[in-house]
Amino acid sequence: LSSPLYRSTAASWERLGLSLPPAPQTATARPTVSGKIPTDWVLAEPSPGAPPMILFRFPAPLDNYSGEVTKGQGQLKLPDHLKVGGASGYIEVDTRSAITMGDPVLDEAIRGSVMLYAKKYPTARFVIDRVTGEDQPVAYGRLTPAAVSGIFTLKGRSVPLTSRIELEPVIGDDGQPRLIVLGNFKIDLTTFDIEGADGPTPARNTLLFDVHFILIESR
């Protein structure tokens, strides 16, 4: 099932150098599911075998440089009417322990002062200012596209950031609700005084992020 978001926006986002992750082949929701959708959600750690919370990479021809964010904390609050407009929340990542490129030597390098300077700036954070989208409530059995704007803080510097996302509520194997959030964004590393990869510009200074968040009901 290819969602409207992928069909209508993939081309324009690719022209900006920010390609969307592959559209799911089948719906992850169960169309016959009924019941109340929570309004208060918190970020869950990925279960074994699940996609990483965040994948990051440089664009071609430097896409062999990549890594992932393994854990984080955050929350999302939907309005009582369950429409995405009026949603709020944040995501925070510990730069000292939650970011890896799959090699201890590389991990130590990216945490150093030339790149993330994790000892001085131990967190990266995104705080939602505004969410816009269709005038329908989030519902089981369908994807809800939205645009999220907010402030992204990395290495002590805060900049505006906008991401295209999709939300889909599902029921987990334990019978409890989950909220899946897919999205992507990019940053210019020079904005944060971070040394890029060896290679041509602008690819060496551009980092692309694919997001796969799973949220559970806050209790």
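## Reading a predicted protein model: a dialogue

Colleague: Which residues does L161 touch, not counting residues up to four places away in sequence?

Modeller: In this predicted model, L161 touches F126, V148, S149, G150, F152, F185, K186 and I187, with residues up to four places away in sequence left out of the count. L161 itself is found in strand β9, residues 157–171. Contacts tell us which residues meet; a distance between C-alpha atoms is another way to relate two places. L161 and D129, for instance, are 32 residues apart in sequence, and their C-alpha atoms are 9.8 Å apart in space.

Colleague: Why does L161 count as buried?

Modeller: A residue is called buried when its relative accessible area is under 20%. The relative accessibility of L161 is 9%, so L161 counts as buried. For the protein chain as a whole, buried residues make up 42% of the 219 residues.

Colleague: How is confidence in the model to be read, and what is the average pLDDT of the protein chain?

Modeller: The protein chain averages a pLDDT of 87, and 84% of the residues score at least 70. Over residues 1–18, however, the pLDDT is below 50, and this stretch has 34 contacts in the model beyond near neighbours in sequence. Residues 23–32 also stay under 50, and the model has 18 contacts for them beyond four places in sequence.

Colleague: How many helices and strands does the protein chain have?

Modeller: There are 2 helices and 11 strands. Read along the sequence, they follow the pattern α-β-β-β-β-β-β-α-β-β-β-β-β. To see how far apart in sequence the meeting residues are, consider contacts between residues at least 6 apart: 61% of these join residues at least 24 apart.

Colleague: Let us turn to strand pairing. Which strands does β4 pair with, and in what sense?

Modeller: Strand β1 (residues 40–43) pairs with β4 in the antiparallel sense over 3 bridges. Strand β5 (residues 88–94) is joined to β4 by 5 bridges, and these two strands also run antiparallel. One may follow single residues as well: L76 in β4 is the bridge partner of W41, and L76 stands opposite G89 in β5.

Colleague: Which side chains of β4 are buried, and which are not?

Modeller: The side chains alternate along β4, which covers residues 73–77. G74 and L76 point to one face and are buried, whereas Q73, Q75 and K77 point to the other and are not. Strand β3 (residues 66–69) may be read in a similar manner: G67 and V69 make up its covered face, S66 and E68 its uncovered one.

Colleague: What are the partners of β3?

Modeller: Strand β2 (residues 54–57) pairs with β3 in the antiparallel sense over 4 bridges, with R57 opposite S66. Strand β6 (residues 99–100) is joined to β3 by 2 bridges and runs antiparallel to it; there, T100 is the bridge partner of E68.

Colleague: Where does I91 lie, and what does I91 touch?

Modeller: I91 lies in strand β5. Its relative accessible area is 16%, so I91 is buried. Residues up to four places away aside, I91 touches L43, Q73, G74, A124, R125, F126 and F213. The C-alpha atoms of I91 and L76 are separated by 8.8 Å, with their positions 15 residues apart along the chain.

Colleague: How should aromatic rings be described?

Modeller: A pair of aromatic rings is described by the distance of the centres and the angle of the planes. The whole structure holds 6 aromatic pairs. In one of them, the ring centres of F185 and F209 are 4.5 Å apart and the planes are at 5°, so the pair is stacked. This pair links distant parts of the chain, since F185 is in strand β10 (residues 177–188) and F209 in strand β11, 24 residues apart. Both F185 and F209 are buried. F56, F152, F185, F192 and F209 form one aromatic cluster.

Colleague: Where does the charged end of R125 sit?

Modeller: The charged end of R125 sits over the ring of Y90, 4.3 Å from the centre of that ring.

Colleague: Finally, is T206 buried or exposed?

Modeller: T206 has a relative accessibility of 17%, so T206 counts as buried. T206 lies in strand β11, residues 206–217. A polar atom of its side chain is 2.9 Å from the backbone oxygen of P202. Leaving aside neighbours within four places in sequence, T206 is in contact with R57, F58, P59, K186 and I187.

How values were computed. Residues are numbered from 1 along each chain as its sequence is written. This is a predicted model: local features need pLDDT of at least 70, side-chain atom pairs count only at pLDDT 80 or more; totals for chains, interfaces and linings use all residues. Side-chain values use heavy atoms; hydrogens and water are left out. pLDDT is the predictor's confidence in each residue, from 0 to 100. Contact means heavy atoms within 4.5 Å. Buried means under 20% relative accessible area, exposed over 50%, partly exposed in between (1.4 Å probe, protein chains only). Two strands pair if DSSP finds at least two bridges between them. A polar contact is a pair of N or O atoms within 3.5 Å; within protein, one must be able to donate a hydrogen and the other to accept it, and residues adjacent in sequence count only if both atoms are side-chain atoms. Rings of Phe, Tyr and Trp (its six-membered ring) pair if their centres lie within 6.5 Å; planes under 30 degrees apart count as stacked, over 60 as edge-to-face and the rest as tilted. A charge sits over a ring if NZ of Lys or CZ of Arg is within 6 Å of the ring centre and within 35 degrees of the ring normal.
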